[in-house]
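Reader: I should like a close look at a single part of this model. Please take one helix and describe its surroundings in a connected account.

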Amino acid sequence: MTVDALTDVTGLRVGHATRTGDGWLTGTTVVLAPEGGAVAAVDVRGGGPGTKETDALDPRNLVQKVEAIVLTGGSAYGLDAASGVMAWLEEQRRGVRVGVDPSHVVPVVPAACVFDLGRGGDFRARPDAATGRAAVEAAAASGVGASVREGCVGAGTGAAAGAMKGGVGSASTVLDSGITVGALVVVNAMGSVMDPETGALYGELFSGRVNHPEGHVHEAARRRLTEAAAKNGRPPLNTTLAVVATDADLSKAQAQKLAGTAHDGIARAVRPVHMLNDGDTVFALATGAHRLDAGNPLALNAILEAGADLVTRAIVRAVRAARSVDGPGGVWPSYEELYGGE
């Protein structure tokens, strides 16, 4: 049984730590790999990324596998969350072995952040090591193949999609080969996820499964978004993050290709994308349970295609799962409130 989420890639677990109220509107999401790690890669295309340990994922470098990926709010401050994940992994003796003693490990924990500073009202309310630890503990406590909470949770708690509320979304598919591909996305885009002329979500236009909102509904929504943007008083910032994973046996170079093509899924659902004040970053994980068809040099193509499609679908799910926020840090109406599920 599948749950249409990243966790359909067997062995991957997802945990969120969410902070709201008293000036807080932020959080951290951790993708925990199976013990022993997963082959990992990254592709960064935004002009203003906030990341940690991404150089270690270069195919030319030493580290082959990682035990966890951290997605977090708090801009660069929030990268502190990775320290809590490292500490937990060290206690589990999970990481790169650097000595004879099994406890002598260095967990390599790549991380990327979104900008949500001040959206709860307090600029200094941002994730730290304790937040990261809470998220990885939540991931470890979840069952194999557990569903993934979507919307305003974890790193998506304070996320915005243009003038609308953003959040977390996930999706998966099983290819004809039996290989599973999944994606998890944090939508906090500078660009819009919605066609300004019709109100339809770009990601649904791409899929061909879209019902255009009625004209009067769209006009009311546009007025509401204009009012919210004026009240917030500053342009939305920035960054869509994603983790795309498969149970295929990929090299680091192949995983990096998967991370790169998955950016196409962002470009289909967010416009504009990859701007100078975006930090758009995609991580790829491969757990290695299924070998690619050695007789087909293009076998990777099906995984690449699925990765991009799933990122688009996960963005749509994130936006539809989000709920409106009206608080001391600003106003972000949700798509579902504006359009009533149309």
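Which exposed residues does the face of α2 turned away from its buried side carry?

Author: In this predicted model, the face of α2 directed away from the buried side carries the exposed residues A130 and A141. The helix itself runs over residues 129-141, a stretch of 13 residues. From its first C-alpha to its last, α2 reaches 18 Å, close to the 18 Å expected at 1.5 Å a residue.

The other side of the helix is formed by T131, G132, A135, V136 and A139, which are buried, that is, under 20% relative accessible area. Viewed down the axis of α2, these buried residues fall within an arc of 130 degrees, so they line one face of the helix. A general property of helices bears on this pattern: an α-helix has 3.6 residues a turn, so residues three or four places apart point the same way.

As for what lies against that face, the buried residues of α2 pack against two strands, β1 (13-21) and β2 (24-32), and against the helix α1 (81-91).

The N-terminal end of α2 is capped by D128. A side-chain oxygen of D128 lies 3.1 Å from the backbone nitrogen of A130. A130 thus appears twice in this account: its backbone nitrogen lies 3.1 Å from the capping side chain, and A130 is also one of the exposed residues on the face turned away from the buried side.

Note on methods
Residues numbered from 1 in each chain as written. Predicted model: local features only at pLDDT ≥ 70, side-chain atom pairs only at ≥ 80, totals over all residues. Heavy atoms only, no water. Helix = DSSP H or I, 4+ residues; strand = E, 2+ residues; numbered from the N terminus. Expected span 1.5 Å × (residues − 1). Buried < 20%, exposed > 50% of the residue type's maximum accessible area, 1.4 Å probe, protein only. Arc of directions from axis to C-beta. Contact = heavy atoms within 4.5 Å. Polar contact = N/O pair within 3.5 Å; in protein donor to acceptor, adjacent residues only side chain to side chain.
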